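Let's take a friendly walk through a protein model, from its core outwards. Keep the structure open beside the text and look up each residue as you read.

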Amino acid sequence: MTKDDSGSSPAKDYHDPPSVPLMDPHELTKWSFYRALIAEFIATFLFLYITVLTVIGYKSTTDPAALNADQCGGVGILGIAWAFGGMIFVLVYCTAGISGGHINPAVTFGLFLARKVSLIRAIMYMVAQCLGAICGVGLVKAFNKSLYNRYGGGANELAAGYSKGTGLGAEIIGTFVLVYTVFSATDPKRSARDSHIPVLAPLPIGFAVFMVHLATIPITGTGINPARSLGAAVIYGKEKAWDDQWIFWVGPLVGATIAAFYHQFILRAGAVKAFASFRSSTHV
């Protein structure tokens with residue numbers, strides 16, 4: 001902290017960006033808005049294409065019924081987690097300066113709750129992300145339909161032996177970790193205080209995705225991204241994927257809500273500031 005010109009009260013060494021208007025129709029007239037939508041679509045398209053292809057490739061090389069199968073081959077769960085985390089790192093790095101690099105409706109929803117994106121942008125981002133996910137998985141199926149259908153299409157489903165409540169809890173906590181990391185990695189206060197420790201924001205975000213996948217792949221296949229789960233379910237089209245679909249929307253959206261509240265109102269003292277502002281206004 002530094003002092004102001006009078007030397008009496010401390011001044012912040014960082015600046016919080018102003019809250020975005022809830023509705024901002026003017027965005028619809030800007031090319032930068034549509035460029036951001038394209039970036040979100042392409043990023044989610046590439047994300048699903050690479051990751052689902054990795055999942056199916058692993059299952060096909062380790063299938064006991066397949067010819068020349070190698071049970072010790074393939075990338076394993078560790079490699080699948082790296083594929084998801086690594087792609088998020090790459091794609092957030094590539095698109096952060098254009099669209100913010102959300103690539104996930106839960107992330108967009110959390111940032112909307114924190115008033116960092118408008119309602120219009122949030123809705124359009126989610127639409128672009130879901131369409132990108134569907135197209136990305138569709139391309140994987142187009143490459144080899146038989147392998148795609150045989151190995152589950154990369155669809156998120158609740159694993160046998162786990163209750164729906166367990167699956168929902170895993171999705172809530174996993175998404176909380178991701179969205180909390182997004183808020184922390186992009187926090188202007190952290191950037192100012194830790195300027196002597198340069199941290200590339202996409203790196204911790206990618207690692208968060210990696211770590212969550214390691215923990216929850218055995219439970220739900222790891223959603224934490226409604227677009228990822230929807231895209232796989234739409235193209236795969238099996239009943240089980242659709243029966244469990246609500247888990248992969250409710251869980252991530254609840255997790256994102258908790259993360260936004262925790263970061264904005266607890267860690268950043270938003271509730272305290274709001275209460276102080278209310279008290280001062282009542283004494284005017």
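A good place to begin is the largest nonpolar core, which has 48 residues; Phe47, Val52, Tyr148, Leu178 and Ile205 touch the most other members. Helices that each give two or more residues to this core include H1 (31–62), H2 (76–95), H3 (105–113) and H4 (119–143). Further along the chain, H6 (164–185), H8 (202–220), H9 (226–236) and H11 (247–267) do so too. Helix H1 provides the largest share, seven residues. Apart from this core lies another one of six residues, among them Phe33, Ala36, Tyr125 and Ala128. A general tendency is worth keeping in mind here: in soluble globular proteins, nonpolar side chains tend to be buried together.

To see one core member at work in the packing, find Val52. Leaving aside residues up to four places away in sequence, Val52 touches Val137, Val140, Tyr148, Gly153 and Gly154.

**The overall plan**

Please remember that this is a predicted model. The protein has 12 helices and two strands. Reading from the N terminus, both strands come before the helices. Of the 284 residues in the protein, 43% are buried. About 14000 Å² of the protein is exposed, and carbon and sulfur atoms supply 68% of that area.

How much of the contact pattern joins residues at least 24 apart, among contacts between residues at least 6 apart in sequence? The share is 77%.

**Two pockets**

Now turn to the pockets. The table puts the two side by side.

| Pocket | Volume | Lining residues by class |
|---|---|---|
| Largest pocket | about 960 Å³ | 26 nonpolar, 14 polar, six charged |
| Second largest pocket | about 380 Å³ | 12 nonpolar, seven polar, three charged |

The largest pocket is lined by 46 residues, and those nearest its centre are Leu111, Ala114, Lys116, Phe183 and Gln264. Helices H2, H3, H6, H8, H11 and H12 (270–282) each supply at least two residues of this lining. Which helix gives the most to the lining of the largest pocket? Helix H11 does, with six residues.

The second largest pocket has 22 lining residues, and Val55, Lys59, Ala155, Ile217 and Gly221 are the closest to its centre. At least two residues of its lining come from each of H1, H2, H8 and H9. Helix H8 makes the largest contribution to the lining of the second largest pocket, five residues.

**Four residues to look up**

Start with His213, which lies in helix H8. Is His213 buried or exposed? With a relative accessible area of 1%, His213 falls under the 20% limit, so it counts as buried. Apart from residues up to four places away in sequence, His213 touches Ala81, Phe84, Gly221, Thr222 and Ile224. Two of these names have come up or will come up again: Gly221 is among the residues closest to the centre of the second largest pocket, and Ile224 is in the loop between H8 and H9.

Ile224 also has a backbone angle to look at. As background, most residues other than glycine have a negative phi. Ile224 has a positive phi of about 45° although it is not a glycine. Ile224 counts as buried, because its relative accessibility is 3%.

Arg115 is another residue other than glycine with a positive phi, near 60°. Where does Arg115 lie? Its place is the loop between H3 and H4. Arg115 has a relative accessible area of 35%, which means that it is partly exposed, as this value is between 20% and 50%.

Last comes Ile120, in helix H4. Ile120 has a relative accessible area of 15%, so it is buried. Although Ile120 and Asp24 are 96 residues apart along the chain, their C-alpha atoms are separated by 6.9 Å. Not counting residues up to four places away in sequence, Ile120 touches Leu22, Met23, Asp24, Pro25, Glu27, Leu28 and Phe33. Phe33 should be familiar, as one of the six residues in the other nonpolar core.

How values were computed: Residues are numbered from 1 along each chain as its sequence is written. This is a predicted model: local features need pLDDT of at least 70, side-chain atom pairs count only at pLDDT 80 or more; totals for chains, interfaces and linings use all residues. Side-chain values use heavy atoms; hydrogens and water are left out. Helices (H or I, at least four residues) and strands (E, at least two) are DSSP runs, numbered from the N terminus. Buried means under 20% relative accessible area, exposed over 50%, partly exposed in between (1.4 Å probe, protein chains only). Contact means heavy atoms within 4.5 Å. Accessible areas come from the Shrake-Rupley method with a 1.4 Å probe; for residues, only the protein chains shown count as cover. A nonpolar core is a set of buried Ala, Val, Leu, Ile, Met, Phe, Trp, Tyr and Cys residues joined through side-chain atoms within 4.5 Å. On a 1 Å grid over the protein atoms alone, a cavity is a set of points where a 1.4 Å probe fits but cannot get out, and a pocket is an open set with protein on both sides within 12 Å along at least five of seven lines; lining residues have an atom within 4 Å of a point. Grid points are joined across faces, edges and corners, and a volume is the space filled by probe spheres set on the points. Ala, Val, Leu, Ile, Met, Phe, Trp, Tyr, Cys and Pro count as nonpolar, Asp, Glu, Lys and Arg as charged, and the others, Gly among them, as polar.
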